[in-house]
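Please walk through this model with me, beginning where the chains meet and then turning to the sheet behind that contact.

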Amino acid sequence: MLSVEELHKVYDGKRRRVEAIGDLTFEVAEGSFVCVVGPSGCGKTTLLRCIAGLLPPTSGEVTVDGTKVSGPPEGLAVVFQEYGRSLFPWLTVADNVDLPLRAAGTARDGRRTLVGEALDAVGLADAHQAYPWQLSGGMQQRVAIARAIAYQPRVLLMDEPFAAVDAQTRADLEDLIRDVWQRLGVTLLFVTHDIDEAVYLGERVIMLSASPTHVAEDLVIDLPADRDQLSTRGDARFTELRGRVYAQIQKAKQEGKTR
Amino acid sequence: MTGVLRRTGIALALPVVLVAVWWFASAGSTDFYFPPLRTIVEVFPETWFGPRLVDDVLPSLGRLAVGYLAALVLGVGLGMLIGSNRALRALVEPLLEFLRAVPPPVLVPILVLIAGIGNTMKVLVIISGCLWPVLLNTVEGVRAVDEVLADTCRTYRIRGRLRWWHLVLRSASPQIVTGARQALSVGIILMVISEMFAASSGLGYTVIQFKDGFQIPQMWSGVILLGLLGVLLSVLFRLAEHRVLGWYHGSRAVAKER
């Protein structure tokens, strides 16, 4: 469904050349939930922007549904970390969710239904006419998620979407995302720096090395599909997997320092 | 409601005091050039609410409206084009800086030669002054479009007309309003100035006529009328701004609280 092949990205600055991504190759199967973790500064956001078609890679390629990505591909939605900046402050919550559908030329009735359902799904059924800045950070990110849901993407990319919300809101949003993924059957690539979050959410966790980035380890998360903040996180297997990812990230950090 | 009354009271306090001071200080004035305020107020209605309202005041305001609105449309349109195109911006920016630095009143003689002494010339004078603050502020506003929001538009394939309106124009709107406010005061000044040269009607023309005819109280009443029109226009501007930038002031107030 989504494949990254020998992706390489270099930022050519005036004084120095930064090799953000060394050589990345991996595939994401249709309908799967894959988390990408790595030490800070390892090029996670660069990777996501290359997949989203917002940034051209230096070499290598990304294909979505068999088509090479050369600009933002159709049927792909992104939830950005900076929820406050990715919503239109001059549009109401409902209009924010509606705008991509208008751009796609969806008929008015269909749009109304999609917007209503998406806002219901994220628990914002009574916030249609509010403006984003009248809502808390967690609720703003819900709006951004609702916008992605209503767009009915086949691939959903999330770039550390919960990094800027408080811990309780974060747990709620994690469960919301699992729920959305299970219901929509969307292919989900979730970038995070939080190891617990990656293990709790994903079916698979791809660990990245320090930059220049390559895949350090690709781990299947064999936890039951029904996850729960209390019992899953208390599961011995969860602890084991978490320990494994943690060790790998530590190793990557050390390697990054000695280089 | 009491808040509104209070604010209105505070806003009016100083003008009321100053008018009172003027009223009493000038009450016994025998100076020909500084008549008592009472005399000025007495001649005001007969001077302005007669045929002059239709012959002079309304044509002046009409020219201001046409010139100002044309400058807004032109300035915002060109500003969006220039602001979103780096090469074009680099090319025209020095020229714009030069044109902005030319005081519009010196264009009056040139425009008289080109466009004669009719309405066209006066509207062109107003446009030539109002355009620059709108244009330059629009360019700045368009340059400041948020990157994340621009990326959002790209991923959700929001393009063309929707993008111009919902991303570019709305992002730039606080800056555009700033430019439009500057342009309004420039416009009022130029409305008067354009009527002081080679004109046969209008507020500026009439004030000059009164001066030349030594009708000093009438001349003063014209100055007061211009001041009152300025206040009225700025109140209207505020109402419009409130509608256009409600989101902006709201989000700023929230950001301050947090």
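**The interface and the sheet behind it**

In this predicted model, the contact draws 32 residues from chain A and 23 residues from chain B. The area buried between chain A and chain B comes to about 2500 Å², with carbon and sulfur atoms giving 64% of that area. On the side of chain A, A:Arg85, A:Trp90 and A:Trp133 together supply 32% of the area that chain A buries against chain B, which is more than any other three residues.

Polar terms accompany this burial: seven residue pairs are in polar contact between chain A and chain B, and three salt bridges are found across the interface. In a salt bridge, the side chain of B:Asp151 meets that of A:Arg49 at 2.6 Å, N to O. The side of chain A that touches chain B receives at least two residues from each of E6, helix H2 (83–86), helix H3 (93–103) and H5 of chain A.

Within chain A, an open sheet of 10 strands with mixed pairing follows the order E5-E4-E1-E2-E10-E9-E3-E8-E7-E6. Strand E5 (67–68) and strand E6 (76–79) of chain A each have a single partner strand, so one side of each is left without a neighbour in the sheet. Strands E9 (residues 204–208) and E10 (residues 213–220) of chain A pair in the antiparallel sense over five bridges, and there A:Met207 stands opposite A:Glu217 of E10(A). Helix H5 (residues 137–150) of chain A packs on the sheet, touching E6 and E7 of chain A, and its direction makes about 175° with that of E6(A).

As for confidence, the predictor gives the complex an ipTM of 0.90 and a pTM of 0.87, while chain B has a mean pLDDT of 91.

Note on methods:
Residues are numbered from 1 along each chain as its sequence is written. Chains are lettered from A and ligands numbered from 1 in the order in which they are written. This is a predicted model: local features need pLDDT of at least 70, side-chain atom pairs count only at pLDDT 80 or more; totals for chains, interfaces and linings use all residues. Side-chain values use heavy atoms; hydrogens and water are left out. pLDDT is the predictor's confidence in each residue, from 0 to 100. Two strands pair if DSSP finds at least two bridges between them. Helices (H or I, at least four residues) and strands (E, at least two) are DSSP runs, numbered from the N terminus. Contact means heavy atoms within 4.5 Å. Axes are lines fitted to C-alpha atoms, for helices over the stretch in contact, and angles run from 0 to 180 degrees between N-to-C directions. Buried area is the accessible area (1.4 Å probe) that two parts lose on being put together, summed over both. A salt bridge is a side-chain nitrogen of Lys or Arg within 4 Å of a carboxyl oxygen of Asp or Glu. A polar contact is a pair of N or O atoms within 3.5 Å; within protein, one must be able to donate a hydrogen and the other to accept it, and residues adjacent in sequence count only if both atoms are side-chain atoms.
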